[in-house]
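Consider how the elements of this fold are arranged around its interior. The paragraphs below go from the core to the sheet, and then to the helices.

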Amino acid sequence: MFLLAGRLPRYGLGVLACLDLLAAAIVLPAVAAGCSQVRPEAGQAVCADEPLVDLADVAPRIVLDLRYATADNFLRQKLYPVARCLLRESVADRLRRVQDDLEVKGLGLKVFDGYRPLSVQRRMWGVFPDPKYVADPARGSRHNRGAAVDVTLVDAKGRELPMPSAFDEFSERAHRNYAGGTAEQRRNRRVLEDAMERHGFSGLDSEWWHFDAPGWQHYTILDQPLERGVSR
Ligand SMILES: [Zn+2]
C-alpha cells in the first residue's frame, strides 16, 4: 500500500532533446528492445512502456502473500480477482537479485503487493477516500506504474521475520525511522532495507515495507487487468 499520491510524468521532448552521446549509447539497448519512450535517469535507461511480467516466472522462490487478492487487508475486501504479482520486467529482475542475495543468508522475500491496476485504485478510493491512506486515483499510486513493491523478510522455511509493525499498519511503528520495537525487529527492517537498496530500490519513509525501483516516476500508469497476465 502506498499512502501518498504519485506524480504524473512531467518530462517532455526537451529532456529527450538533451541526450548527449553517452546517454544515447546508454539508451540504445532499450530502443532496440522496442521501447517507444526512453529517458535517461541517473546513468540508466527507463522504458516507460516496459512490459509487465509475472514475478512467479522470474523469481519462483519469492513467497507471495498478495493481500488485496484476499479480504485480509485494511479495507477488508478482496480487490484483486487473481493472486498474481505483475511487475515491470527490469523491476522483477532487480527483485530476483535481491532474493539471490538474501538466500545466501538463509533468508528470502515475501511480497504483499506489486502492480495494481488503476481501476482497483479507484475502487480503493471509493471505499476509503482519504489521501492520508490511499493515493487519489486522479493522480495514481506508485503501484499503478508496476515499479513499486511491498515486501518483508522470511526465513528459509518461508516464515515471516518480526518487523516493527504489521503490513499496512498506519501508525508511527510503520515509519522507517521508528526507534521503538525490539532490537530484532529493527535489525530485520535494516536487513531488508540494505538488501533492497543494494539493487537500487529506495524505501518510503512512512512504510518500512514499500520500495520503489529507480526511475519509477517515468513509467506510465496502467490499467491492464491482473487476470490478463503478462503483457506480451
Ligand atoms: Zn506500497
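In this predicted model, the largest nonpolar core comprises 44 residues. Leu55, Leu87, Leu95, Leu109, Val111 and Val151 have the most contacts inside that core. Eight elements each supply at least two of the core residues: the strands β3 (52-54), β5 (86-88), β6 (107-113), β7 and β9, and the helices α4 (89-104), α5 and α6 (183-197). The biggest contribution comes from α4, which gives five residues. In soluble globular proteins, nonpolar side chains tend to be buried together.

Val111 can serve as an entry point to the core. Setting aside neighbours within four places in sequence, Val111 is in contact with Leu55, Ile62, Leu64, Cys85, Val149, Asp150 and Val151. Leu55 and Val151 are, like Val111, among the residues with the most contacts inside the core.

The sheet comes next. Five strands make up an open sheet of mixed pairing, in the order β4-β6-β7-β9-β8. Its edges are β4 (63-64) and β8, each of which pairs on one side only. At the β4 edge, β4 and β6 run parallel and are joined by two bridges; here Val63 stands opposite Lys110 of β6. Helix α4 packs on the sheet, where it touches β6 and β7, and its direction makes about 145° with that of β6.

Towards the other edge, strand β9 (residues 207-212) has partners on both sides. Strand β7 (residues 148-155) pairs with β9 in the antiparallel sense over three bridges, and β8 (residues 202-204) is likewise joined to β9 by three bridges, again antiparallel. Asp212 takes part in both pairings: Ala148 stands opposite Asp212, and Asp212 is also the bridge partner of Ser202. β8 and β9 form a hairpin, with two residues between them. How many of the six residues of β9 are buried? Six of the six are, and the strand is mostly covered.

Helix α6 lies across β7, β8 and β9, and runs at about 125° to β7. Both α6 and β9 are among the elements that supply at least two residues of the largest core.

Helix α5 (residues 118-127) is another contributor to that core. Which residues of α5 are buried? They are Val120, Gln121 and Met124. Seen down the helix axis, the buried residues of α5 fall within an arc of 105°, so they line one face of the helix.

Notes: Residues numbered from 1 in each chain as written. Predicted model: local features only at pLDDT ≥ 70, side-chain atom pairs only at ≥ 80, totals over all residues. Buried ≥ 20, exposed ≤ 12 C-beta atoms within 10 Å, placed from the backbone. Helix = DSSP H or I, 4+ residues; strand = E, 2+ residues; numbered from the N terminus. Arc of directions from axis to C-beta. Pairing = 2+ DSSP bridges. Core = buried A, V, L, I, M, F, W, Y, C linked by C-beta atoms within 7 Å. Contact = placed C-beta atoms within 7 Å. Axes fitted to C-alpha atoms, helices over the stretch in contact; angles between N-to-C directions.
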